[in-house]
Amino acid sequence: MTPERMFKDLLGLGLNWEVEESRFEKESGTVFLRIRETPQLWELQRCPKDGGLVFCHDHVEEMTWRHLNVFEHRCEITCRLPRGKCRKCNHTFRVRPPWEGLSTHFTKGFEAFALLLMREMPMSKVAEIVGETDTRLWRMLFRHVDAAYAEADFSQTCCVGVDEMSVHQGHQYISVFADLVAKRVLFATEGKDKETWVKFVEALEKHNGHRHAITQASMDMSKAYQAGVAENCRNAQVVFDKFHVIQHANEAVGQVRRAEMKMGGKEVWGSLHKSQWIWRKNPEEPDRSGKRASVPNQR
Ligand SMILES: [Zn+2]
């Protein structure tokens, strides 16, 4: 078996493509695989417009795709892709090869590997590991996100949660909308005003959801979000999420404690000073030592 034949089998090229040449360039530590189509390709190719029979019109300039490493060596596939021409309508088109990913620089296999790394680490680290620029990798990631988001189906969405997030630790905000039943992010947009709801329902309805199918909307106590729900989702009940309610209750308890400390004199100050964590605790809940929380002596 020749190396070319072996690479053809490893790449799973089937009957329509073959490896014309394989070589290892020591200086750059790169394995190059040059691929071309076989005559069989034209038996199955059809015109993308009308399904008519096609023949080989010409070939485009040589293109390069980064593929998975061969051992620890970089591997690149090159090919002058053929262009087909329809016998019926004369339409010419570039044949899409089976290895090509969503980006023009990488193969499907390489993209899958890079995406796996992106789930686990920052992009700069991924770029360092695979030896590509992060610009190329971001572009590839966005193409996959766009493709996956276009397929997303929100027809079952009824309970939505929204919250704001600050970006770059500054005063710029984005609003993130999530499906609380399916536990997934539905939509994100800049800002934290009521207009974010207009944009959200538009996105929802592009993906088979419906604004009036929303029955519950969970949020902080933002007036803007409440107005957004009232104006866009008439069947939705506003639910203030537990985290924000507890946060407000804790603040109120703290205010009362500080007021009592001021008014109650030395004796009270002694028992209430540094006691804030006791008041925030559920007395039914045992602490780490297994004991129930104790409330300081009453006056
Ligand atoms: Zn045609």
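A residue counts as buried when its relative accessible area is under 20%, and as exposed when that area is over 50%, with partly exposed in between. By this rule Phe187, in what is a predicted model, is buried, because its relative accessibility is 17%. Phe177 counts as buried as well, its relative accessibility being 0%.

These two phenylalanines also form a ring pair, and a search of the whole structure finds 10 aromatic pairs. The ring centres of Phe177 and Phe187 lie 6.1 Å apart with their planes at 45°, so the pair is described as tilted. The pair links distant parts of the chain, since Phe177 belongs to strand β9, which covers residues 172–179, while Phe187 belongs to strand β10, which covers residues 184–190, and 10 residues separate them. Ring pairs further join Phe177 and Phe187 with Trp197 and Phe200 into a cluster. Another ring, that of Tyr173, has a charged neighbour: Lys192 lies over its face, at 4.1 Å from the ring centre.

From the rings we can turn to the nonpolar cores. The largest of them has 21 residues, and those with the most contacts inside it are Trp17, Ile35, Trp65, Leu81 and Trp99. Two or more residues of this core come from each of the elements β1 (17–25), β2 (30–37), α2 (41–44), β4 (63–70) and β5 (73–79). Leu81 offers a view of its surroundings: when its neighbours within four places in sequence are left aside, Leu81 is in contact with residues including Trp17, Met63, Trp65 and Trp99, and also with Asp58, His59 and Arg94. Apart from this core lies another one, of 19 residues, and among them are Phe154, Phe187, Val201 and Ala203. Phe187 therefore has a place both in this second core and in the tilted ring pair with Phe177.

The last stop is the metal site. Which residues coordinate the zinc ion? The donors are the SG atoms of Cys47, Cys86 and Cys89, together with Asp50, listed twice through OD, at 2.2 to 2.6 Å. Along the chain the donors of the zinc ion follow the spacing C-x2-D-x35-C-x2-C. Cys47 and Cys89 link distant parts of the chain, as Cys47 sits in the loop between α2 and β3 (54–59) and Cys89 in the loop between β6 (82–86) and β7 (92–94), 42 residues apart. Cys47 is buried, because its relative accessible area is 4%, whereas Cys89, with a relative accessible area of 35%, is partly exposed.

Terms used: Residues are numbered from 1 along each chain as its sequence is written. This is a predicted model: local features need pLDDT of at least 70, side-chain atom pairs count only at pLDDT 80 or more; totals for chains, interfaces and linings use all residues. Side-chain values use heavy atoms; hydrogens and water are left out. Rings of Phe, Tyr and Trp (its six-membered ring) pair if their centres lie within 6.5 Å; planes under 30 degrees apart count as stacked, over 60 as edge-to-face and the rest as tilted. Helices (H or I, at least four residues) and strands (E, at least two) are DSSP runs, numbered from the N terminus. Buried means under 20% relative accessible area, exposed over 50%, partly exposed in between (1.4 Å probe, protein chains only). A charge sits over a ring if NZ of Lys or CZ of Arg is within 6 Å of the ring centre and within 35 degrees of the ring normal. A nonpolar core is a set of buried Ala, Val, Leu, Ile, Met, Phe, Trp, Tyr and Cys residues joined through side-chain atoms within 4.5 Å. Contact means heavy atoms within 4.5 Å. Donors are N, O and S atoms within 2.8 Å of the metal (3.2 Å for Na, K and Ca); water is not among the atoms, so sites may look incomplete.
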